Amino acid sequence: MQLGIIGLERCGKTTLFEALTQSETDVARKGEVRIGTINVPDERVDILSKMYNPRKTIYAQIQYVLPGARDAQAKSTDAIWNPVRTCDALIHVVRNFQDQGGEDPNPSKDFSRLDQELVFADLVVVEKRLERMELDSKRGKKVDTEEQDLLKACLELLEQEKPIRTNPELAAAPKLRGFTFVSAKPTLIVFNNDESDDAMPQVSGLGESEICMVVRGKLEAELGLMDPEEAQVFLEEYGVKTTARDRMIRKSYELLGQISFFTVGEDEVRAWTITRATQAVDAADVIHSDIKRGFIRAETLGYQDLIDTGSYVEAKKAAKVRLEGKTYIVADGDIINFRFNV
Ligand SMILES: Nc1nc2c(ncn2[C@@H]2O[C@H](COP(=O)(O)OP(=O)(O)OP(=O)(O)O)[C@@H](O)[C@H]2O)c(=O)[nH]1
Ligand SMILES: [Mg+2]
């Protein structure tokens, strides 16, 4: 899973990136794209790993992409959008703390300003492509009318200053995937508050396609660099129950409708990420295309059933281990042993 971090100048993108990836500032590389990969903390993987004592334990991973800082002189915003075009979703950071310069935060205004930039970036692409298609059709060349209709639907939304993600069907249309529209991406809106404040600001114009959360970026960045015991004391002091890092990871899964299944054994305990409602045969494909090709059965045990019975052997005795077919819908926390033959 790849998530791009965007936001206006000095809203706390770098601070948040560093809190998420637990990395330190590197001022020399301010203009460059930074990519940080993190292991997704998962207590279930910890417990499975204790149970099986494998040679390797592999957590699910998330990659955060931070475009280089905006250059005031730059004429185009491509440098901001291009690095996040291939991301699965965006994290839109909105400043809700008092800037050193003294400017009061205005999260409503800031949010819609950047959101409109997303809309505009896509509008330019849509208009260009539609013009091209019109020209082609005048010249007697065949155009893909389905694509054209989809683009016209996008145009209509964008002209009303609405991001494409407000129409989920359109945002997910396979024919439009190649355009990598930025306003079509699922977006997590993160309000970056002052240390002393954890209230969600009132922002108008947020619809159902938006998932919001509040973080205290600076506090979290400090936290990210502490050792666990030190962090625990700090967390209690500020009354933080779960770190922003953990909350953001959870929200990202929610945003993208993602879940995990596990494979276990002496060699390896591993978490795999799939989209909710994925069939067993496609889950197999995530591991290896051969397993999909030669799929016979998915030997499946729910995580909770394993915990309740205490071991795989006991779970089997209690008839909790099921043999599922290709079309079985994998559930969050399933422990799967694929039987296949190629
Ligand atoms: N009080 C407070 N200050 C913060 C918070 N987050 C960031 N800052 C400060 O705000 C300033 C900008 O933060 P950055 O993380 O550099 O913001 P940015 O979005 O990466 O900025 P550019 O890359 O320059 O656009 C820094 O001085 C931070 O220390 C916060 O949650 N609270
Ligand atoms: Mg920055």
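**Entry 1: where the ligand is**

I started with ligand 1 and found that it sits in the largest pocket. Note to self: this is a predicted model. The pocket's volume comes out at about 1,000 Å³. I then looked up how much of the ligand gets covered. On its own, ligand 1 has 650 Å² of accessible area, and the protein covers 84% of that.

**Entry 2: who surrounds it**

Next I pulled up the neighbours of ligand 1. There are 18 residues around it, and the closest are Lys 13, Thr 14, Thr 15, Asn 192 and Asp 194. I sorted this shell by class and got seven charged, seven polar and four nonpolar residues.

Which elements give two or more residues to the shell? I noted down α1 (13-21), β6 (187-193) and α7 (217-224). The largest share comes from α1, with three residues.

**Entry 3: polar contacts**

I zoomed in on a few atom pairs here. Thr 14 puts a polar side-chain atom 2.7 Å from an oxygen atom of ligand 1. Asp 194 also uses a polar side-chain atom, 2.9 Å from a nitrogen atom of the ligand. For Asn 193 I had to look at the backbone: one of its polar backbone atoms is 2.9 Å from an oxygen atom of ligand 1. I jotted down the cut-off too: a pair of N or O atoms has to be within 3.5 Å, so these three pairs pass.

**Entry 4: walls of the largest pocket**

Then I left the ligand aside and checked the lining. The largest pocket is lined by 40 residues, and those nearest its centre are Arg 10, Gly 12, Lys 13, Thr 14 and Thr 15. Lys 13, Thr 14 and Thr 15 were already in my notes as being among the closest residues to ligand 1.

β1 (2-7), α1, β6 and α7 each supply at least two lining residues. Which element gives the largest share of this lining? It is α1, with five residues. By class I wrote down 16 charged, twelve polar and twelve nonpolar residues.

**Entry 5: the second largest pocket**

Last stop for today. The second largest pocket holds about 740 Å³ of space. I found 26 residues lining it, with Asp 88, Ala 171, Ala 172, Ala 184 and Pro 186 nearest the centre.

Here α6 (168-171) and α9 (244-256) each supply at least two residues, and α6 gives the most, with three. The class split of this lining is 15 nonpolar, six charged and five polar residues.

Definitions and conventions:
Residues numbered from 1 in each chain as written. Chains lettered and ligands numbered in written order. Predicted model: local features only at pLDDT ≥ 70, side-chain atom pairs only at ≥ 80, totals over all residues. Heavy atoms only, no water. Near = heavy atom within 4 Å. Polar contact = N/O pair within 3.5 Å; in protein donor to acceptor, adjacent residues only side chain to side chain. Areas by Shrake-Rupley, 256 points an atom, 1.4 Å probe, with all protein chains shown as cover. 1 Å grid on protein atoms, 1.4 Å probe; cavity = no way out; pocket = protein on both sides within 12 Å on 5 of 7 lines; lining within 4 Å. Sits in = over half its atoms within 2 Å of the grid points. Helix = DSSP H or I, 4+ residues; strand = E, 2+ residues; numbered from the N terminus. Nonpolar A, V, L, I, M, F, W, Y, C, P; charged D, E, K, R; others polar. Points joined across faces, edges and corners; volume = space filled by probe spheres on them.
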